[in-house]
Amino acid sequence: MNTKALFAALFMMLSSGVAYSQQSQLVTDKFYSAPSGVVFSTPSFLHPEGGHATYAQVMEWIESRAKDSRVDLSFIGKSTNGYDIPLLKVSDPSMGKPSKKVKVFLQGVLHGNEPAGTEGILATLDYLLKDTEGQKILSSVDVYMIPMANIDGYMADTRASADKYDLNRDQSKLTDRVSIILKKAFMEIDPDVALDLHEFNPFKADFKEVGGAIYYDALFLPTGHPNVDKGIRDAVIDYIRKPAEEAFDKVGYTHYTYFTPAKTDGKLTLVCGARSPQSSSTSWSLSNAISILVEIRGIGMGRQCFERRTNTAFILSKAVLQKAASNPSEIKKIVARANKNTIKAKAPVAALFHSNIYPGKATFLDLEKAQTVEADVLIKDALDYTMDIQRARPKAYAIDASETKAIENLRTLGLEVEILKESKTFSTESYTVTEDVVADKVWEKINTRTVSVDVVKGSRTFDKGTAIVWMNQQNANIAVSVLEPEAENGFVTFRVVEARKGQTLPICRIVK
Ligand SMILES: [Zn+2]
């Protein structure tokens, strides 16, 4: 680094109060110009002293908007450090029939160091209240906003929660109390359309060979989980991704499918898309909400490009709301059909599957040369998978009464759980554990477990107190996806339910 660059770096550190971003002003000017003619008056832009607005500043701002009769401010619970978590419902009762309105849910800052989502959501609130175009949306849409999902992380400017969990790896095991609060709120709202706004770190050592950084403004993370209703999966593309991409194209913002880097025989591999009920995109889609997670280019950048990052979140939210407002009955129909299909479903369910790999291309950014790099990569695509273990859909699952955390989680995930009032006999398929491998590495404070099982047909008499989850309910797809023992983010893998080689699992399939 030459002296000039060193001074520039030092100046940035001092002026922004955050770690030095690896992106030069030249790169920023060339590829990531601030939106012209857009002035944000959301909390962090009213407090430009560096970093982002505090909880108190955000709440003061929200309360000023909550004076509007169209805004209903409530609190869904307290964070671990004692902050009340706000939920805003934006609705205009003077327009449209409530039952015909599409419920759109927007969530920001589930990872505490990704603040653009919060600002973008609050900019969307002002758009709905003050802009004539935005006000019209409320004739067919009710908007629910949790602009600060992980307040403790947000205040500490760290990804994790106060209890040091990654809240977007915790949506099936539900270990963190904040995850439980958020999941309960989500299930109670029962949105038709849901957006989870994140930011990604474009500067990773894995990208050194292609210039050092990811180029795109936004990365879409649609779910490829095979147990998600097909109509929901298609609607994610038609009612979220496509309209958002069109809106980005209009302003010259670039986009791609979300990926994490990996290597396949030494070749850069982009692990694309979502497949894990541990994270919002798949978890929400398994509950029959048309939902997606979108990542904005921003982690590690402090206030750099903050207008553009906020604008990316705002344009995305606006595009999704406009699309919902133009197609309320279609969206209502898709969700109703998905619920009905789930209740009546007969098709086999996926217990284990893996993403296929094929060659592809992606654009990266050479930070030194300030040039884009077109790279040949391998794509490992969650939306293109091979089934490894498929089973007939059971009539129900029985869970031993002693598995209290599993039963509590199922309820939090929106499932109705029947507790047997007297012992009862069913035709069953029990799982006998044939392999039991516990990971050496600690991940999210657990050593995950991988099992193989034999499915043993028979008949069992279950004691009074046994929990039964019938599959003829609208959230059944999430039950399947956490209860099948081999499932990647299921209860056995995440040690919600313990399993040992040779043992019969306390989860059992009821087939008749
Ligand atoms: Zn994130």
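Me: Which residue in E2 is the bridge partner of Val71?

Reply: First, a heads-up: this is a predicted model, in which local features need pLDDT of at least 70 and side-chain atom pairs count only at pLDDT 80 or more, while totals for chains, interfaces and linings use all residues. Residues are numbered from 1 along each chain as its sequence is written. Strands (E, at least two residues) and helices (H or I, at least four) are DSSP runs, numbered from the N terminus. Strand E1 (residues 71-78) pairs with E2 in the antiparallel sense over 6 bridges, and the partner of Val71 in E2 is Val90.

Me: What phi does Gly82 take in the hairpin of E1 and E2?

Reply: E1 and E2 count as paired strands if DSSP finds at least two bridges between them. Their hairpin has 5 residues between the strands. In this hairpin, Gly82 takes a positive phi near 95°.

Me: And which residue of E4 does Leu88 stand opposite?

Reply: E2 also pairs with strand E4 (residues 141-146), again in the antiparallel sense and over 3 bridges. Across from Leu88, on E4, stands Met145.

Me: How many residues of E2 are buried?

Reply: A residue is buried if 20 or more other C-beta atoms, placed from the backbone, lie within 10 Å of its own, exposed if 12 or fewer do, and partly exposed in between. Strand E2 covers residues 84-90 and is largely enclosed by the rest of the structure, because its buried residues number 5 of the 7.

Me: How many residues of helix H14 are buried?

Reply: H14 spans residues 476-483. Its buried residues include Asn477, Ser481 and Leu483. H14 is largely enclosed by the rest of the structure, because the buried count is 8 of the 8.

Me: Is Ala235 buried or exposed?

Reply: Ala235 lies in helix H9 (residues 230-251). With 26 other C-beta atoms within 10 Å, Ala235 is buried.

Me: Which residues does Ala235 touch, not counting those up to four places away in sequence?

Reply: Two residues are in contact if their C-beta atoms, placed from the backbone, lie within 7 Å. Once residues up to four places away in sequence are left out, Ala235 touches Ile290 and Ile334.

Me: How far apart in space are Ala235 and Ile419, C-alpha to C-alpha?

Reply: Along the sequence, Ala235 and Ile419 are 184 residues apart. In space, C-alpha to C-alpha, they are separated by 35 Å.

Me: Which residue of E18 does Ile419 stand opposite?

Reply: Six strands form an open antiparallel sheet in the order E15-E18-E14-E19-E16-E17. Strand E15 (418-419) and strand E17 (449-462) are its edge strands, each pairing on one side only. E15 is joined to strand E18 (residues 467-470) by 2 bridges, and the two run antiparallel. Opposite Ile419, in E18, stands Ala467.

Me: Which residues is Asp463 in contact with, leaving aside neighbours within four places in sequence?

Reply: Asp463 sits in the loop between E17 and E18. It is exposed, with 11 other C-beta atoms within 10 Å. Its C-alpha is 8.7 Å from that of Lys421, which is 42 residues away along the chain. Beyond four places in sequence, the contacts of Asp463 are Ala401 and Ser423.

Me: In the sheet of 5 strands, which strands stand at the edges?

Reply: This open sheet has mixed pairing and runs in the order E6-E12-E13-E10-E9. Each edge strand has a single partner, so one side is left without a neighbour in the sheet; these are strand E6 (212-214) and strand E9 (259-264).

Me: What is the bridge partner of Gly360 in E13?

Reply: Strand E12 (residues 349-366) and strand E13 (residues 371-391) run antiparallel, joined by 17 bridges. In E13, Gly360 is matched with Val377.

Me: Which element gives the most to the side of domain 1 that touches domain 2?

Reply: By an automatic or database domain assignment, the protein is divided into domain 1 (3-344), domain 2 (351-388) and domain 3 (392-510). Between the first two, 28 residues of domain 1 are in contact with 22 residues of domain 2. Helix H2 (25-31), E6, E9 and strand E10 (267-272) each supply at least two residues of that side of domain 1. The top contributor, with 6 residues, is E10.

Me: Over which residues does pLDDT stay under 50?

Reply: pLDDT is the predictor's confidence in each residue, from 0 to 100. The protein averages 94, and 96% of the residues score at least 70. Where pLDDT is low, the predicted coordinates should not be read in detail. The stretch under 50 is residues 8-19.
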